[in-house]
Amino acid sequence: MALLEPGMEAPLFEATDQDGKTIRLKDYIGKKVALYFYPKDDTPGCTKEACAFRDNFPKFKQIGVEVLGVSIDSEKRHKKFVDKYELPFRLVADEDKKIVQDYGVWGLKKFMGREYMGTNRVTYLIAENGRIEHVWPKVKPAEHAEELIEYIENSG
């Protein structure tokens, strides 16, 4: 797993969200984007992380940051997850694993002594110019949204 680094161009992508609508990263040029990658919809850690982004969403809007979640789950799974937890942001369906691979978050994981390939929990802050501004390679799901806000408020 080779993560992208600050200053690098964020790989452009085109995919669909939980509503089957096309989502293109290039449409967000001119805005800051918190692009967060997570393993699986409706699992304990991923639910904590998504709900923390939801609970802090008004603050993200206030500071001008778009929030996009990405996992390899389908539109249908994303839709159930969004509806169940009333998530106010878009979730990107990356079923072909192109985005997770382009961003270097797809890799070997270990859980209870078992090794497998999966999505690592990583967040990229993409600047208005489309370049990576900051990377969080290790994320605590419940605290991460506030950590991101704190970084943005203190870096501007």
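**Surface segments, nonpolar cores and helix packing**

Met-8 is partly exposed, with a relative accessibility of 37%, a value between the 20% limit for buried residues and the 50% limit for exposed ones. The structure described here is a predicted model. Met-8 is located in the segment that precedes β1. Its C-alpha atom lies 8.8 Å from that of Gly-130, although 122 residues separate Met-8 from Gly-130 in sequence. With residues up to four places away in sequence set aside, Met-8 touches Gly-130, Arg-131 and Ile-132.

Ala-2 also belongs to the segment before β1, the strand that spans 14–17. Ala-2 has a relative accessibility of 63% and therefore counts as exposed, since the limit for that class is 50%. Beyond the residues up to four places away in sequence, Ala-2 touches Tyr-103 and Gly-104. Between the C-alpha atoms of Ala-2 and Ser-74 the separation is 25 Å, for two positions that are 72 residues apart along the chain.

Val-105 occupies the loop between α4 and β6, a strand covering 106–111. At 0% relative accessibility, Val-105 is classed as buried. In sequence, 18 residues separate Val-105 from Thr-123, and the C-alpha atoms of Val-105 and Thr-123 are 9.4 Å apart in space.

Turning to the interior, the largest nonpolar core comprises 25 residues, and Tyr-36, Phe-53, Phe-60, Leu-87, Phe-89 and Leu-91 have the most contacts inside it. At least two residues of this core come from each of β3 (32–37), α1 (44–55), α2 (57–62), β4 (65–71), α3 (75–85) and α5 (144–155). Helix α1 gives the most to this core, namely five residues. Leu-87 is in contact with Ala-50, Cys-51, Arg-54, Phe-81 and Val-82 when its neighbours within four places in sequence are left aside. Another core, of 23 residues, lies apart from the largest one and includes Leu-4, Tyr-28, Val-92 and Ile-132. Ile-132 is also one of the residues touched by Met-8.

Aromatic side chains were examined next. A search of the whole structure identifies twelve aromatic pairs. In one of them, the ring centres of Tyr-38 and Phe-81 are 6.3 Å apart and the ring planes meet at 40°, so this pair is tilted. Because Tyr-38 lies in the loop between β3 and α1 while Phe-81 lies in helix α3, the pair ties together parts that are 43 residues apart in sequence. Tyr-38 is buried, at 0% relative accessibility, and Phe-81 is buried with a relative accessible area of 2%. Phe-53 and Phe-60 have ring centres 5.5 Å apart and ring planes at 35°, and this pair is therefore also tilted; tilted pairs have planes that are neither under 30 degrees nor over 60 degrees apart. Both Phe-53 and Phe-60 are buried. One aromatic cluster is formed by Tyr-36, Tyr-38, Phe-53, Phe-57, Phe-60, Phe-81, Tyr-85 and Phe-89.

Helices α1 and α5 were considered as a packed pair. Their axes come within 8 Å and cross at roughly 45°, which means that α1 is oblique to α5. The contact brings Glu-49, Ala-52 and Phe-53 of α1 together with His-144, Ala-145 and Leu-148 of α5. Four of the residues in the contact of α1 with α5 are nonpolar, one is polar and one is charged. Phe-53 thus takes part in the contact with α5 and in the aromatic cluster.

Two residues stand out in their backbone geometry. Most residues other than glycine have a negative phi. Glu-86, which is not a glycine, has a positive phi of about 50°. Glu-86 is placed in the loop between α3 and β5, the strand at 90–93, and is exposed, with a relative accessible area of 66%. Lys-97, likewise a residue other than glycine, has a positive phi near 65°. Lys-97 is found in the loop between β5 and α4, the helix at 98–102. The relative accessibility of Lys-97 is 26%, and Lys-97 therefore counts as partly exposed.

Methods:
Residues are numbered from 1 along each chain as its sequence is written. This is a predicted model: local features need pLDDT of at least 70, side-chain atom pairs count only at pLDDT 80 or more; totals for chains, interfaces and linings use all residues. Side-chain values use heavy atoms; hydrogens and water are left out. A nonpolar core is a set of buried Ala, Val, Leu, Ile, Met, Phe, Trp, Tyr and Cys residues joined through side-chain atoms within 4.5 Å. Buried means under 20% relative accessible area, exposed over 50%, partly exposed in between (1.4 Å probe, protein chains only). Helices (H or I, at least four residues) and strands (E, at least two) are DSSP runs, numbered from the N terminus. Contact means heavy atoms within 4.5 Å. Rings of Phe, Tyr and Trp (its six-membered ring) pair if their centres lie within 6.5 Å; planes under 30 degrees apart count as stacked, over 60 as edge-to-face and the rest as tilted. Axes are lines fitted to C-alpha atoms, for helices over the stretch in contact, and angles run from 0 to 180 degrees between N-to-C directions. Angles under 35 degrees count as roughly parallel, over 145 as roughly antiparallel, 65 to 115 as roughly perpendicular and the rest as oblique. Ala, Val, Leu, Ile, Met, Phe, Trp, Tyr, Cys and Pro count as nonpolar, Asp, Glu, Lys and Arg as charged, and the others, Gly among them, as polar.
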